[in-house]
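Here are some short exercises to work through with the model open beside you. Try each task on your own, then compare notes with the solution below it.

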Amino acid sequence: MQKGCDPAGGAGRFGLSPGPFVAKNKAFSRKRSGAEGAERAFADQYFGDLDVAHAHTDTEEPTRRDFLYIATGAVTAVGVGAAIWPFIDQMNPDASVQALASIEVDISAIEVGQSLTVMWRGKPVFIRHRTEAEIAEAEAVPMSDLPDPLARNANLPESDPATDTNRAHAQGEAKPEWLLMIGVCTHLGCVPIGESGEYDGWFCPCHGSHYDTAGRIRKGPAPRNLDIPEYEFVSDTLVRVG
Ligand code: FES
């Protein structure tokens, strides 16, 4: 059985407003009654002067008109995606922020026994040019004396032990004379003071944490060794952090 074009049959099914493809057949619609009659009255009121005739059957087979509505919906979805993309794109970090993801530091002027603090990703990073005595002191510490046995070195596997070699290890190589650490106490985040404390390394005065010459926690409330960031030596005098 055929029936007249139904504005809710295609457009309503996909949540779209009736378009110009809605047809009318006034003579046929007047014979309708009940709900279909009401629908026809609606169609006649809003689309009464349209003369495109597209009758379809009662079967659930998709028709060409359904395809047109689906295609319209798909274009609408793509259009919305294209419209919001600039706003999403604006949320990506700009070039200046991305540049801070890593920094390169010239270490040529840091003499043996001196330190330099640089800022990286909003945190201080200690770069220490260690003396032979500091290295020897750290190497002599038995692992059993360390409250935190892990290296905490982003350049090494998480399970690597906190030997002095593993603490002074860059990407791909160990350079015992250089120690790089994030200068944030692992207790509650204060910045420790260098060449201080009972172990000749760093001391955090906030609550009394003592770190040794390899930045390992030895005494006090701090639970972990100072964290070591990713870094690599670009040359003998240039180090990239991050
Ligand atoms: S924040 Fe360093 S000891 Fe508490």
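**Exercise 1.** Locate serine 159 and decide whether serine 159 is buried or exposed.

*Solution.* Start with the position in the chain of this predicted model: serine 159 sits in the loop that links α6 (132-139) to α7 (164-167). Next, count neighbours: serine 159 has 8 C-beta neighbours inside 10 Å. A residue with 12 or fewer such neighbours is exposed, so serine 159 counts as exposed. To finish, look back along the loop to proline 149, ten residues apart from serine 159 along the chain: the two C-alpha atoms are separated by 9.1 Å.

**Exercise 2.** Stay with the loop between α6 and α7 and find arginine 152. What is the sign of its phi, and is arginine 152 buried or exposed?

*Solution.* First the backbone: arginine 152 is not a glycine, yet its phi is positive, at about 55°. Then the surroundings: 22 other C-beta atoms lie within 10 Å of arginine 152. The cut-off for a buried residue is 20 or more, so arginine 152 is buried.

**Exercise 3.** Work out the strand order of the open sheet that contains β9, and name its edge strands.

*Solution.* Four strands make up this open sheet, in the order β9-β10-β11-β12, and their pairing is antiparallel. Each of β9 (193-196) and β12 (217-219) pairs on one side only, which makes these two the edge strands. With direction ignored, neighbouring strands here are turned by 40° against each other on average. Now zoom in on one pair: β9 and β10 (residues 201-204) are joined by three bridges in the antiparallel sense. In one of the pairings, isoleucine 193 has phenylalanine 203 of β10 as its bridge partner. As a reminder, the strands of a sheet pair through backbone hydrogen bonds, in either a parallel or an antiparallel way.

**Exercise 4.** Compare glutamate 195 with proline 192 in terms of burial.

*Solution.* Take glutamate 195 first, a residue of strand β9. Its phi is near 50°, a positive value in a residue other than glycine. Glutamate 195 counts as partly exposed because 13 C-beta neighbours lie inside 10 Å. Proline 192, by contrast, belongs to the loop between β8 and β9 and is buried, with 26 other C-beta atoms within 10 Å. Leaving aside residues up to four places away in sequence, proline 192 touches Gly183, Cys185, Trp202, Phe203, Cys204 and Tyr211. The C-alpha atom of tyrosine 211, 19 residues apart along the chain, is separated from that of proline 192 by 8.8 Å.

**Exercise 5.** Which elements give two or more residues to the largest nonpolar core, and what does valine 241 touch?

*Solution.* The core has 23 residues; those touching the most other members are Val125, Phe126, Leu179, Leu180, Met181, Tyr231 and Val241. Two or more residues come from each of β5 (123-129), β8 (178-182), β10 and β14 (238-241), and β8 provides the largest share, four residues. For valine 241, setting aside residues up to four places away in sequence, the list reads Ser102, Ile103, Val105, Trp120, Val125, Leu180, Pro229 and Tyr231. In soluble globular proteins, nonpolar side chains tend to be buried together.

**Exercise 6.** Step back: how many helices and strands does the protein have?

*Solution.* The protein has seven helices and 14 strands. Of its 242 residues, 23% count as buried.

Definitions and conventions
Residues are numbered from 1 along each chain as its sequence is written. This is a predicted model: local features need pLDDT of at least 70, side-chain atom pairs count only at pLDDT 80 or more; totals for chains, interfaces and linings use all residues. Two strands pair if DSSP finds at least two bridges between them. Axes are lines fitted to C-alpha atoms, for helices over the stretch in contact, and angles run from 0 to 180 degrees between N-to-C directions. A nonpolar core is a set of buried Ala, Val, Leu, Ile, Met, Phe, Trp, Tyr and Cys residues joined through C-beta atoms within 7 Å. Two residues are in contact if their C-beta atoms, placed from the backbone, lie within 7 Å.
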